[in-house]
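This report describes how the strands of one protein chain are arranged, and what lies enclosed between them. The sequence and the structure come first, and the text then works outward from the interior.

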Amino acid sequence: TGNPVTNNDGSIASTVRANPSAGFSIVGWSGQSGTNTLGHGLNAAPELIILKDRTNAGAWVVGSDYIGWGNRLELNTTAAASSASADFNSTAPTSSVFTTGSNQSSGNKIAYCFAPVNSYSAMGSYVGNGNASGPFVYTGFRSRFILIKRSDGTANWQIYDTARDPYNAMDSRIKANASDAEVSNAGYNLDVTSNGFRPTGGNNDNYNASGGTYIYYAVAENPFQANGGLAR
């Protein structure tokens, strides 16, 4: 919240706009050679970072606790996680900084950092079982927004939300990596409960292939409801 501020927690000064109570910050900086650290302003370690070079053409790089920080996904492609130690220098973020390597050594950068917040947001991974009753994924809340990506195979980034699908089974999907129109298909059903979600469309590479590994990011429908809403 508020205006962007200069953060000097890392080896490079960053410009940060952060909302720690929501577990989200936006970090801007100018890339420098070698390995560097950047302050993110969250007071908690991000478990998901989406990074983009604003100066040079390149992918939307995704780092996560749940693929390991020596690997990367790409938000703009269907590619599986691949080894990329030079993006985050194979170093997990701390409560104050994240690390970049030689792949991020030049150009103006922007990073979107996400840390889990109890009763507001959750991120993690699960393994598909290929069944019509897929694995139950516990979030601790009813989700308003869910992003899912298979990390060990080629698949789309699937976006579900209860604005478009207020009732189960949810089957309206938007692909973060594509310009496709919204698709509704019973083979991609998702049930959202008061404390998690479950894929119910059977064996599908995009969210429930047998033995497939998936990462997710979910945001609550009624954040901090018991305490009167999200802290401002």
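How much space lies in the largest cavity? In this model, which is predicted, about 90 Å³ of space lies in the largest cavity, and the count of cavities of 30 Å³ or more comes to one.

## The cavity and its lining

The largest cavity is lined by 13 residues, and those nearest its centre are Leu48, Trp157, Ile215, Tyr216 and Tyr217. By class, the lining is made up of eleven nonpolar residues, one polar residue and one charged residue. Three strands, namely strand 5 (48-53), strand 6 (61-64) and strand 19, each supply at least two residues of this lining. The largest share, three residues, comes from strand 19, an element that is mostly covered, with seven of its eight residues buried.

## The sheet around strand 19

Strand 19 belongs to an open sheet of six strands, whose order is 11-19-13-14-15-16 and whose pairing is antiparallel. Because strand 11 (121-127) and strand 16 (183-184) each have a single partner strand, they stand at the edges, and one side of each is left without a neighbour in the sheet.

Strand 11 pairs with strand 19 in the antiparallel sense over seven bridges, and Tyr126 has Tyr214 of strand 19 as its bridge partner. Strand 13 (residues 143-150) and strand 19 (residues 213-220) are likewise antiparallel and are joined over seven bridges. Strand 13 is also mostly covered, since six of its eight residues are buried. Strand 13 pairs further with strand 14 in the antiparallel sense, over four bridges.

The table lists residue pairs that face one another across strand 13 and its partners.

| Residue | Opposite residue | Strand of the opposite residue |
|---|---|---|
| Leu147 | Tyr217 | strand 19 |
| Ile148 | Tyr216 | strand 19 |
| Lys149 | Ile215 | strand 19 |
| Leu147 | Ile159 | strand 14 |

Leu147 therefore appears twice, with Tyr217 as its bridge partner in strand 19 and with Ile159 opposite it in strand 14. In a regular strand the side chains alternate between the two faces of the sheet.

## Two nonpolar cores

Which residues have the most contacts inside the largest nonpolar core? This core has 18 residues, and those with the most contacts inside it are Tyr126, Ile146, Ile148, Tyr160, Leu190, Phe197 and Tyr216. Strand 11, strand 13, strand 17 (190-192) and strand 19 each supply at least two residues of this core, and the largest share, four residues, comes from strand 19. A second, separate core has 17 residues, among them Leu48, Val62, Met123 and Leu147.

Phe197 shows how the largest core is joined up, since leaving aside residues up to four places away in sequence, Phe197 touches residues including Tyr126, Ile146, Ile148, Leu190 and Tyr216. Other contacts of Phe197 include Pro135, Phe136, Val137, Thr139, Asp191 and Val192. Tyr216, which is among the residues with the most contacts inside the largest core, is also one of the residues nearest the centre of the largest cavity. Leu48, also one of the residues nearest that centre, is included in the second core.

## A buried loop residue

Is Asn156, in the loop between strand 13 and strand 14 (158-161), buried or exposed? Asn156 counts as buried because its relative accessibility is 16%, which lies under the 20% cut-off. Not counting residues up to four places away in sequence, Asn156 touches Thr78, Ile148, Lys149, Lys175, Asn177 and Asn206. Of these contacts, Lys149 has Ile215 as its bridge partner in strand 19, and Ile148 stands opposite Tyr216 in strand 19.

## The eight-stranded sheet

Another open sheet has eight strands in the order 1-2-3-10-5-6-7-8, again with antiparallel pairing. Strand 1 (5-7) and strand 8 (82-83) stand at its edges, each with a single partner strand, so one side of each is left without a neighbour in the sheet. Strand 7 (residues 71-74) and strand 8 run antiparallel and are joined by two bridges, and the bridge partner of Arg72 in strand 8 is Ser82. This sheet includes strand 5 and strand 6, which each supply at least two residues of the lining of the largest cavity, as strand 19 of the six-stranded sheet also does.

Notes. Residues numbered from 1 in each chain as written. Predicted model: local features only at pLDDT ≥ 70, side-chain atom pairs only at ≥ 80, totals over all residues. Heavy atoms only, no water. Buried < 20%, exposed > 50% of the residue type's maximum accessible area, 1.4 Å probe, protein only. Contact = heavy atoms within 4.5 Å. 1 Å grid on protein atoms, 1.4 Å probe; cavity = no way out; pocket = protein on both sides within 12 Å on 5 of 7 lines; lining within 4 Å. Points joined across faces, edges and corners; volume = space filled by probe spheres on them. Nonpolar A, V, L, I, M, F, W, Y, C, P; charged D, E, K, R; others polar. Core = buried A, V, L, I, M, F, W, Y, C linked by side-chain atoms within 4.5 Å.
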